[in-house]
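Reader: I have a structure to look at and do not know how to read it. Please take me through some features.

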Amino acid sequence: MRTPEQQEEVNDMQLGLIGLGKMGGNMRERIRRAGHEVIGYDRDPGLSDVASLAELADSLTAPRVVWVMVPAGPPTQSVIDELSGLLDAGDVVVDGGNSRWTDDEKHAAELAEKGIGFVDCGVSGGVHGLANGYALMYGGEPEHVAKVQPVLDALKPEGDFGSVHAGKVGAGHFAKMVHNGIEYAMMQAYAEGWELLEAVDSVTDVREIFRSWREGTVIRSWLLDLAVNALDEDEHLDKLRGFAQDSGEGRWTVEAAIDNAVPLPAITASLFARFASRQEDSPQMKMIAALRNQFGGHAVEAAGPSAAR
């Protein structure tokens, strides 16, 4: 490990970052641009700064902060289990993936047994986050959040908004889950409107209608901008198959609504629409797939030969 004196000569803060994929790799770069040192680990040695989690832990100065950006569920649990044996009391682990909030409570309790702090952080920004910043929703004890604050400030967008301490452990991922549920419903509304416009013979330029809505209307948004980008690339979305995955947060949002007796008809319907996309080549799902690719770099499926106009 570096001594605190050596660390002070290097940068304002030092961070261990686990998972250097589409999100994690860009986050590492944005944090470094802010003047902090990031030591990254990834299973791909071509991306990794160190060869193992043990080497990562040894490279950091106490009190250490380690940010985890790996898939939710067993991969996250495996990393946290290993970190619990490598870190010491006073260190902090941040889960920045899309974990379920109930897992956060479990992870915080496990790490607390060894005096290790835990912060859960929902991260939104997709492939555009490097340039624009990431919207951050985080939960945890104030003293643990304080140790991570320089990194949170480096990642957030410029200005007064885009970052919030949402509450206790689990609140960050719960807020991100609801954010994604709203995102489902917004994308579904744009997709349904697009399909209806495409279906009417008297409407001759659907793409330009969408473009015109970008100014002066109450439905203008970044998602609308991305929809126009997608239509500029493929005016009728003929190149896409009408199939869209659901990443989990939509289901969790609906389940939480049931548990709390909160009616969510629009979000629930948008989730079911994605299920419908797996049964046929849905025109609406072409737009959903295009939007997911635009904002998050999510994979799309090519249309078959018979689907082209």
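Author: What follows covers a helix pair, two single helices and some backbone features.

Author: This is a predicted model, in which local features need pLDDT of at least 70, side-chain atom pairs count only at pLDDT 80 or more, and totals for chains, interfaces and linings use all residues. Residues are numbered from 1 along each chain as its sequence is written, and side-chain values use heavy atoms, with hydrogens and water left out.

Reader: How are two packed helices described?

Author: By the angle between their axes and the distance between the axes. Helices (H or I, at least four residues) and strands (E, at least two) are DSSP runs, numbered from the N terminus. Axes are lines fitted to C-alpha atoms, for helices over the stretch in contact, and angles run from 0 to 180 degrees between N-to-C directions. Here the axes of H8 and H12 (residues 265–276) are 8 Å apart, at an angle of about 70 degrees. H8 and H12 therefore count as roughly perpendicular (65 to 115 degrees; under 35 is roughly parallel, over 145 roughly antiparallel, the rest oblique).

Reader: Which residues of H8 and H12 make the contact?

Author: Contact means heavy atoms within 4.5 Å. Among the residues involved are Gly181, Ile182 and Tyr184 of H8, and Ala266, Ile267 and Ser270 of H12.

Reader: How should I read the sides of a helix?

Author: An α-helix has 3.6 residues a turn, so residues three or four places apart point the same way. In H5 (residues 101–112), Trp101, Asp104, His107, Ala108 and Leu111 are buried (under 20% relative accessible area; exposed is over 50%, partly exposed in between; 1.4 Å probe, protein chains only). These residues cover an arc of only 105 degrees around the axis, which puts them on the same side of H5; the arc is that of the directions from the helix axis to the C-beta atoms.

Reader: What do the buried residues of H5 pack against?

Author: Their partners are H4, S4, S5, H8 and H11. In H10, the buried residues pack against H8, H9 and H13.

Reader: What is usual for phi and for peptide bonds?

Author: Most residues other than glycine have a negative phi, and most peptide bonds are trans. Leu237 has a positive phi of about 55 degrees, and Ala261 also has a positive phi of about 55 degrees. The bond between Ala62 and Pro63 is cis, with omega about -5 degrees.

Reader: Is Leu237 buried or exposed?

Author: Leu237 is buried, at 1% relative accessible area, whereas Ala261 is exposed, at 69%.
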